[in-house]
Amino acid sequence: MPCDLHVHTTASDGTDAPGKVVEKAWRAGLSALAITDHDTVDGLLPALDAGTKLSFPVLPGVELSTEEEGHEIHILGYLFQIDHSELLARLALFRRARVERVVKMVERLRCLGIPVEVEQVLELAGEGAVGRPHVARALVQMGAVATVGEAFEKYIGKDRVAYVPRYKYTPREAVRLLRRAGGVAVLAHPGLARCDHLIPRLVAEGLQGLEVFYPAHSEEMVWHYERLCRRYHLVATGGSDYHGSDHREYNRLGAATAPDEVISILQELARQGPGT
């Protein structure tokens, strides 16, 4: 059976609680699941607990947001120490930076005559890591736009009038951090990141895998990244990037998966110990 190694919950910008996502994966017949919320590990303990109750394998994961040469690049981490002090400190910094970014976006929207409130956005985020999707939902809620997609297109998408750049963290730094925390570092959806020229450099820093199987990857992309995995001796992972059934794009759990044997490969890589 396949496993889905890229899933989000309400701990970041997903709409399903961690326990609910685990139950959905179990009912869907998946062999395993990785919770990979954006820049937070807050959903891991409830997800792991749900997995234990169902005797269903749940891998601890995270998706770190980085930027290099103007490209937004995401690094997935698996099987790290979830109480690693340096990792937790960095995630706390990310969380503060996310709130500051939302405050600046709200200020820009208010200057445009859209009276959205920071408190409204934070309420929509709940305990999760706040981000642009929550700003978009607030704009839909108040009737400023009809859909989340329209909010991005008109106001908060990159280079739009209310867009604010994220806190800068490089993929190299993310890879090294995850390795020091004892985890496995994987480049998320490389076909979207369009940064193939950076892969050799990231491998030298400790990158161990590429997310080959992904809903937005064409068949040609899958072949291409499978070849790169063989060339650089990387593990080929995969996942749906599930954000909830009402998400505009990534709304089907298991829409992309990896073979079950990938789990044992990730476990072996993690057993090799922290990188430097």
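Is tyrosine 169 buried or exposed? Select tyrosine 169 to begin: its relative accessibility is 4%, so the residue counts as buried (buried means under 20% relative accessible area, exposed over 50% and partly exposed in between, with a 1.4 Å probe and protein chains only).

Before moving on, some ground rules. This is a predicted model, in which local features need pLDDT of at least 70 and side-chain atom pairs count only at pLDDT 80 or more, while totals for chains, interfaces and linings use all residues. Residues are numbered from 1 along each chain as its sequence is written, and side-chain values use heavy atoms, with hydrogens and water left out.

**Stop 1: the aromatic rings**

Keep tyrosine 169 on screen and add phenylalanine 94, its partner in an edge-to-face aromatic pair with 5.2 Å centre to centre and 80° between the planes. Rings of Phe, Tyr and Trp (its six-membered ring) pair if their centres lie within 6.5 Å; planes under 30 degrees apart count as stacked, over 60 as edge-to-face and the rest as tilted. The two partners are 75 residues apart, with phenylalanine 94 in helix H3 and tyrosine 169 in the loop between H6 and H7. Phenylalanine 94 also counts as buried, because its relative accessibility is 4%. Now add Tyr167, which ring pairs link with Phe94 and Tyr169 into a cluster. The structure holds 2 aromatic pairs.

**Stop 2: helix H3**

Next, select residues 85–111, which make up helix H3. Helices (H or I, at least four residues) and strands (E, at least two) are DSSP runs, numbered from the N terminus. H3 has 27 residues and reaches 40 Å from first C-alpha to last, close to the expected 39 Å (1.5 Å times one less than the number of residues). Show the side chains of its buried residues, among them Leu87, Leu91, Arg98, Arg101 and Met105. What do the buried residues of H3 pack against? Their packing partners are strand E3 (58–68) and helices H4 (118–125), H5 (132–141), H6 (148–156) and H7 (171–180).

At the end of H3, cysteine 111 counts as exposed because its relative accessibility is 72%. Glycine 113 follows the helix, with a positive phi near 90°.

**Stop 3: histidine 134**

Step over to helix H5 and pick histidine 134. This histidine counts as buried because its relative accessibility is 1%. Beyond residues up to four places away in sequence, histidine 134 touches Ser12, Asp13, Val121, Leu124, Ala125 and Ala129 (contact means heavy atoms within 4.5 Å).

**Stop 4: the nonpolar cores**

Now colour the largest nonpolar core, which has 45 residues. Such a core is a set of buried Ala, Val, Leu, Ile, Met, Phe, Trp, Tyr and Cys residues joined through side-chain atoms within 4.5 Å. The members touching the most others are Leu33, Ile35, Leu64, Ile75, Phe80, Leu187 and Leu210. Zoom in on leucine 33: leaving aside neighbours within four places in sequence, its contacts include Val7, Val22, Phe56, Leu59 and Leu253. Another core lies apart from this one, with 21 residues including Val106, Val118, Ala136 and Leu139.

**Stop 5: cysteines and two loops**

How many disulfides are there? The count is 0, taking a disulfide as a pair of cysteine sulfur atoms within 2.5 Å. For cysteine 3, the nearest cysteine sulfur belongs to cysteine 229, 14 Å away.

Finally, visit two residues other than glycine with positive phi: glutamate 69, at about 55°, and histidine 189, near 25°. Glutamate 69 lies in the loop between E3 and strand E4 (71–78), and histidine 189 in the loop between strand E5 (184–187) and helix H8 (190–193).
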